[in-house]
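Me: I've got a model open and I'd like to check a few of the words people use for it. Can you take me through them?

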Amino acid sequence: RTRIMNMQFFDEDHAPQPRDQVKIEEVELVVYPDRFRVYVHLRVTPFMERPNLLLAARSQAGKVVSELSIVETMHADMEFTMHLRGLTEPAGTYTFSADLFYETRNPPQDHYEQTFVVPEDQA
């Protein structure tokens, strides 16, 4: 008698999804003590086809102060450090945005936006 084993490599909640089901699931932002860097933890739906991401931080005036392009990521759970550039004093409110896309970013498949605050220097 032949016994067939059913092996499951993914938890059903974490099974790779087709591209039309892939979304930005979680974003965590933490400003480093130096105030010129931001830790970004980003998680997307597990995927069958590797998506692209464009991350950006904009000042209150709308100026891009940090941008990061991820081409065909291999990972659904990612961590980055974004550097706030072109600033003599970083204190203020910023808008972080993330676009997830495949062939084109216009429009992106998923878009996420969150504001974050860089505090005044406490020194």
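Me: Which residue in E2 stands opposite Leu29?
Reply: That's Val40. Keep in mind that this is a predicted model.

Me: What makes E1 and strand E2 count as a pair?
Reply: Pairing takes at least two bridges. E1 and strand E2 (residues 37–44) have seven, running in the antiparallel sense, so they count as paired.

Me: Why are strand E1 and strand E5 said to stand at the edges?
Reply: The order in this open sheet is E1-E2-E5, with antiparallel pairing. Strand E1 (24–31) and strand E5 (77–83) each have a single partner strand, so one side of each has no neighbour in the sheet. From one strand to the next, the twist averages 20°.

Me: How do you know that strand E3 pairs with E4?
Reply: Same kind of check: the cut-off is at least two bridges. Strand E3 (residues 52–58) is joined to E4 by six, so the two are paired. One example is Leu55, whose bridge partner in E4 is Leu68. Both strands belong to an open antiparallel sheet in the order E4-E3-E6-E7.

Me: Why is Asp99 called buried?
Reply: Buried means under 20% relative accessible area. Asp99 comes in at 8%, so it counts as buried. You'll find Asp99 in strand E6 (residues 92–101).

Me: What makes the link between the side chains of Asp99 and Arg105 a polar contact?
Reply: The N or O atoms must be within 3.5 Å, with one able to donate a hydrogen and the other to accept it. The side chains of Asp99 and Arg105 are joined at 2.9 Å, so the distance fits.

Methods. Residues numbered from 1 in each chain as written. Predicted model: local features only at pLDDT ≥ 70, side-chain atom pairs only at ≥ 80, totals over all residues. Heavy atoms only, no water. Helix = DSSP H or I, 4+ residues; strand = E, 2+ residues; numbered from the N terminus. Buried < 20%, exposed > 50% of the residue type's maximum accessible area, 1.4 Å probe, protein only. Axes fitted to C-alpha atoms, helices over the stretch in contact; angles between N-to-C directions.
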